[in-house]
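Welcome! Have a look at the sequence and the structure below, and then we can go through some questions together.

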Amino acid sequence: MTHEHTTDWTGRVLRLEVAGPAHGGEFVARHEGRVVFCRGGITGETVDVLVEDDPGRAFCRGTVQSVIDVSPHRVETACPAAAAGAGCCDWSHIEPAAARGFAGRILAEQAVRIGRIDPRADEIPVEAPAGDATATGWRTVARWVTGPDGRPGVRRARSRDLVMEPCVQPDPRILDAVTVADVGPGRELLGLLGDDGTVHVAHRPAVRDEPRGQGSRARRSAATRARARRSRAADWEFVTGGPDVVRRVGEREWRLPPEAFWQAHRSAATHYASAVRTAVAQAPGLPDEPVVWDLYGGAGLFAAAVREAVPGADVTVVESSSASLGAVSTTSGSGDPDTASAAGPGVHTVRSRVETFLEDHALDADARRAPDVVVLDPPRGGAGIPVMQRLAEVARSRIVHVGCDAASLARDVGALVAAGWTLTDLRGVAAFPGTHHVEGIAVLDAPVAR
């Protein structure tokens with residue numbers, strides 16, 4: 001009879017040499033043949049790490065307790081909440097330009113490891129959105145939970161506990177309004193700053209996550225169930241502002257309900273719209289009136305960009321959220337009667353899951369014409385291989401993929417490359433300064449013989 005030995009380093013402090021960044025925000029180190037994921041480290045440092053989570057396999061996780069050899073890229077943590085252990089600004093101890101470089105390394109590594117793509121560089125270029133390199137006060141929408149005393153807090157890293165120190169991500173005007181809002185304990189607080197300067201603060205009952213079982217998979221399942229319950233929760237009660245949030249890009253204006261998706265960074269929507277506009281305008285062999293699909297299209301930000309690039313484009317916006325999709329038809333434009341609305345002539349909306357939309361549009365003799373260009377901005381989990389394989393079959397010229405997770409983006413883009421598509425551009429956007437999160441924009445062209 002044999003007994004399997006399980007290693008458990010929980011509670012041990014290890015002195016480690018920190019190597020490269022890992023997807024997820026931690027940095028990698030090694031000790032006695034095992035990988036140690038270090039929260040709070042930087043490449044090249046010697047650190048003491050307290051092991052906090054050891055599943056007994058080939059890796060464990062810990063947090064840096066002290067730095068022996070300090071990286072030149074280390075700065076004093078700008079975020080009081082992160083310094084107190086919150087999971088918000090996990091890279092606020094890294095100088096911003098260096099953080100963008102580390103994010104580019106992660107994009108390149110995921111492209112190779114998951115997408116089986118050769119990016120021809122060890123580091124993908126990562127840009128500040130629209131040249132806005134601010135490290136604090138960039139967030140125009142944020143959430144808090146009130147504790148037993150009614151004060152708003154953010155979640156501690158890898159915990160449901162609350163940290164009451166303020167996070168530096170939200171615009172100070174939101175933080176000021178949320179701090180003075182007296183909504184009582186056990187409430188979820190939502191703060192938004194409209195592009196007209198209006199601060200909106202709303203609240204509703206907080207939903208408690210109750211993990212079933214143990215481990216990260218159980219926690220993720222609990223979070224999924226909580227989001228589903230939250231989507232059925234009572235409507236927001238507004239303390240300040242109201243239910244219409246103004247968003248602007250260029251001369252276009254959207255009025256959105258609070259639950260409608262919009263980019264959190266104040267300059268991200270402008271940056272992405274410009275990137276999509278350029279990519280569509282430069283698509284090879286584009287006709288004067290191309291068919292364009294805007295998948296996971298939200299409130300029509302990219303539909304508007306497509307129409308600006310090619311006024312004759314026939315655009316279909318596919319979105320499952322009625323809150324977001326309803327804003328497409330109420331978008332106001334520059335006053336030009338041909339472009340006064342993102343949902344005007346040439347723009348159509350379909351409320352549907354993308355998978356269902358693709359099934360319903362088999363593109364046979366009686367179906368809608370195949371798209372010349374597809375723009376997609378899926379949620380963090382990405383579009384998935386079946387969707388990407390279908391798009392590889394039907395799109396004629398170009399696919400523009402905006403992805404908010406490096407691994408999901410690599411998988412999706414890899415499916416296109418495997419189908420013969422050419423990756424013509426891949427770059428990152430530092431749309432979440434002070435954190436490891438990075439957006440990616442990939443542009444791919446169809447095989448020549450199409």
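Q: What is the handedness of the crossing of H2 and H10?

A: This is a predicted model, in which local features need pLDDT of at least 70, side-chain atom pairs count only at pLDDT 80 or more, and totals for chains, interfaces and linings use all residues. Residues are numbered from 1 along each chain as its sequence is written, and side-chain values use heavy atoms, with hydrogens and water left out. A crossing is called left-handed if the near helix is turned anticlockwise from the far one by less than a right angle, and right-handed if clockwise. By that rule, the crossing of H2 and H10 is right-handed.

Q: Why are H2 and H10 called oblique to each other?

A: Helix H2 (residues 96–113) packs against helix H10 (residues 406–418) with the axes 8 Å apart and an angle of about 40 degrees. Axes here are lines fitted to C-alpha atoms, for helices over the stretch in contact, and angles run from 0 to 180 degrees between N-to-C directions. Angles under 35 degrees count as roughly parallel, over 145 as roughly antiparallel, 65 to 115 as roughly perpendicular, and the rest as oblique. The pair H2 and H10 is therefore oblique.

Q: Which residues of H10 make the contact with H2?

A: A contact means heavy atoms within 4.5 Å. On the H2 side, the contact is made by Ile106, Leu107, Gln110 and Ala111. On the H10 side, the residues are Ala406, Ala407 and Ala410.

Q: How many helices and strands does the protein chain have?

A: Helices (H or I, at least four residues) and strands (E, at least two) are DSSP runs, numbered from the N terminus. Counted this way, the protein chain has ten helices and 21 strands.

Q: Which strands are the edge strands of the open sheet of six strands?

A: Two strands pair if DSSP finds at least two bridges between them. The open sheet follows the order S9-S8-S7-S10-S11-S12, with antiparallel pairing. Strand S8 (residues 152–155) and S9 are paired over two bridges, and arginine 155 has leucine 162 in S9 as its bridge partner. Pairing on one side only, the edge strands are S9 (162–163) and S12 (237–240).

Q: At what angle does helix H3 run to S10?

A: Helix H3 (residues 172–180) lies across four strands: S7 (141–146), S8, S10 (187–193) and S11 (199–205). Its angle to S10 is about 145 degrees.

Q: Is arginine 34, the salt-bridge partner of aspartate 54, buried or exposed?

A: A salt bridge is a side-chain nitrogen of Lys or Arg within 4 Å of a carboxyl oxygen of Asp or Glu, and aspartate 54 and arginine 34 have their closest N and O atoms 2.8 Å apart. The two are 20 residues apart, with aspartate 54 in the loop between strand S4 (46–53) and strand S5 (59–69) and arginine 34 in strand S3 (residues 34–39). Buried means under 20% relative accessible area, exposed over 50%, and partly exposed in between (1.4 Å probe, protein chains only). Aspartate 54 is buried at 11%, and arginine 34, at 7%, is also buried.

Q: Which residue forms a salt bridge with glutamate 188?

A: Glutamate 188 sits in strand S10, and its partner lies 45 residues apart in strand S7. Glutamate 188 is buried, with a relative accessible area of 5%, whereas the partner is partly exposed at 44%. With an N to O distance of 2.7 Å, that partner is arginine 143.

Q: What separates glutamate 393 and arginine 390 along helix H9?

A: These two residues form a salt bridge, with their closest N and O atoms 2.9 Å apart. Glutamate 393 is exposed at 54%, and arginine 390 is partly exposed at 23%. Because they are three residues apart in helix H9 (residues 385–394), the separation is about one helical turn.

Q: How many salt bridges are there?

A: Some residues are linked in a network of salt bridges: Glu127, Asp425 and Arg427. The count of salt bridges comes to 21.

Q: What is the phi of glutamate 32?

A: Glutamate 32 lies in the loop between strand S2 (27–31) and S3. Glutamate 32 is exposed, with a relative accessible area of 62%. Its phi is positive, in a residue other than glycine, with a value near 50 degrees.
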